[in-house]
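Biologist: I should like a close look at a single part of this model, followed by whatever can be said of its surroundings. Please begin with the part itself and proceed from there.

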Amino acid sequence: MPMMRSQAGAPLIDASTSQPSESFEDFFHECYEPLLRALYLVTGDSHEAEELAQESCFRVYERWERLRGTANPAGYAYRAALNLHRSRLRRLAVAARRTLRKDEPDAFRSVDERDAIRRVLADIPGSQREALVLLDWAGLSDREAAEILGIRPEAVRMRASRARQRLREQVGGRGEVDE
Amino acid sequence: MSDVRSVLDREARRVSAPSGAMEAMFLRGRRRARRTRVLTIVFALTLAAGSLAGVLVAFSGGRSSQPGDLAGPTGTIAYMQASGSNASGVNASALFAASVQGGAPVGIGTESYADYPVWSPDGTRVAYGAGADVNSTSLIVANADGSGAHRIVDVVDPEPLSWSPDGKRIAYIGNKNGLMSAYVVGADGSGNSLVIEGGFWSTVSWSPDGEHLLLTGNPDPSAPAEGFDIYTVRTDGTDLVQLTHGGGYEGFATWSPDGSRILFTRGDEFETYAQDVYVMSADGSNVRRLTSWPGFDSFPVWSPDGSWIAFASDRDASPEQRHAIQADGAFTNISLYVMRADGSDVQRVFTAGDGEALLPGSWRA
């Protein structure tokens, strides 16, 4: 599996086991910012993204001896962050908290109305945003994104396609995205 | 697509890793450990104070939960009622117990967040998760009327619980290091131990013979499988057996009281609200769909004799309310229903109001 690079230029998912990060510090400096940015695109909340990125990286740190060289630390960090994010939205707590959060909507929904891009992202369902970010921003393949999200590759493509279409329809009308 | 990418990248660059990010990460990790210790002490003191004052709170009539007209099922259902955020925005929910034949719901516990009440096998105790908020919770055991509540173990975001048939141990799903793993702890708080690490285990149920746990989820932490399935595992963590291979997302799997059948939910996607209730033989064969509702049918629990099933559904919500549930995740007007074990004779027993979800956790005689 090739090294994945975000548009920011840093490796988001370094799945190569031939060149593992030498130290946790190397891993952190290479992966933290792309992870933070990807989580920001998924959650729409810079504070939430920072909390998730820090928490997931700390968990990588706690397991560094186990993860180094034998696995994909960035992939683990991303999965841990998404699991943390999802676990807050799940099962009966899903029901309870989503009920309770009726007045505490998706962070993207409370953005400045003057901000066109963020407003469009606010209207894209979270699951579609995840797929879009992993495919179109992080540059993962549909199979790699499917492994992280725990769904089928075709489901990843479908979700990303829907998100992409909506993004193009909404932002394209303003001349910011080509058809 | 490249233009989509550039738009996303422009948005992503609104955030950057500040200098000192690594130090901030370590600080957060250490604070988490400290906070856990402090909350343990505070919560224990809160419980002690609550016990002295008489923890049980009786709600005369209930705000909107009204028993319906039933002929058939009997017993008492413990359920969770989502109730709204407090002024500081901390999530809150409450537990109640009520007879399916009528009568006032009785509140269990006084914590601002409580979830998933499960009766002990003899019906004399109830286990549930509770705390100041969902991220600072403990597994609690109390008498059936809610009195004598005491902390068993700290569990962040406790999952559905299950008692051993002899009432001496409790299985639960714990969130640790980003992994949802299955644990067993003594009902007196002793011997807390990992049974099987996640992956992403979602629910757990103890077999009537006491030898196995029934799990839903995904066992592989490094390469998530497609969908969640149902598994059995011995209580010592060995002999993991996959029972379903459907490609969907199974959840809330529980054995029938006689151990011959398994009740569960299935949805096509993760966190989807279009779930239905299914039953199958204990070996995974003879899968039968009990409900076919395009919306939310979930949280199924058996009646004590296995002849009825309670579940939560949005089937009587208005189209606008169901749209809000599906599109925005706004759980509202999700009421509590019962049906016979073959899926017939569906009856609403407790009616949720606007902004409420009534979610069954357990049913005792």
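Modeller: In this predicted model, strands β16, β17, β18 and β19 of chain B follow one another in that order in an open sheet of four strands, and their pairing is antiparallel. The edges of this sheet are taken by β16 and β19 (288–289) of chain B; each has a single partner strand, so one side of each is left without a neighbour in the sheet. Strands of a sheet pair through backbone hydrogen bonds, in either a parallel or an antiparallel manner.

Within the sheet, β17 (residues 261–267) and β18 (residues 275–281) of chain B run antiparallel and are joined by seven bridges. In this pairing, R261(B) is placed opposite S281(B) of β18(B).

The edge strand β16 also leads to another feature of chain B. β16 (249–255) is one of the strands that each supply at least two residues to the lining of the second largest pocket; the others are β4 (113–119), β8 (162–163), β12 (200–206), β20 (297–302) and β24 (358–364). This pocket has a volume of about 740 Å³. Its lining comprises 35 residues, and those nearest the centre are V118(B), W119(B), W255(B), S362(B) and W363(B). By character, the lining consists of 21 nonpolar, 12 polar and two charged residues. As a general point, empty space is revealed by rolling a probe the size of a water molecule over the atoms.

A further antiparallel pair in chain B is formed by β10 (residues 179–186) and β11 (residues 193–196), with three bridges between them. One bridge pairs V184(B) with S193(B) of β11(B). The two strands, β10(B) and β11(B), make a hairpin with six residues between them, and G189(B) in the turn has a positive phi of about 95°.

Chain A offers a helical element for examination. Helix α2 of chain A covers residues 46–62; at 1.5 Å a residue its 17 residues should span 24 Å, and the end C-alpha atoms are 24 Å apart, so expectation and model agree. Buried residues of α2(A) include E48(A), A49(A), L52(A), C57(A), F58(A) and R59(A). S56(A) also lies in this helix. With a relative accessible area of 0%, S56(A) counts as buried, because the limit for that class is under 20%. Apart from neighbours within four places in sequence, S56(A) is in contact with L35(A), A77(A), A80(A) and A81(A).

Methods: Residues are numbered from 1 along each chain as its sequence is written. Chains are lettered from A and ligands numbered from 1 in the order in which they are written. This is a predicted model: local features need pLDDT of at least 70, side-chain atom pairs count only at pLDDT 80 or more; totals for chains, interfaces and linings use all residues. Side-chain values use heavy atoms; hydrogens and water are left out. The expected span of a helix is 1.5 Å times one less than its number of residues. Buried means under 20% relative accessible area, exposed over 50%, partly exposed in between (1.4 Å probe, protein chains only). On a 1 Å grid over the protein atoms alone, a cavity is a set of points where a 1.4 Å probe fits but cannot get out, and a pocket is an open set with protein on both sides within 12 Å along at least five of seven lines; lining residues have an atom within 4 Å of a point. Grid points are joined across faces, edges and corners, and a volume is the space filled by probe spheres set on the points. Ala, Val, Leu, Ile, Met, Phe, Trp, Tyr, Cys and Pro count as nonpolar, Asp, Glu, Lys and Arg as charged, and the others, Gly among them, as polar. Contact means heavy atoms within 4.5 Å. Two strands pair if DSSP finds at least two bridges between them.
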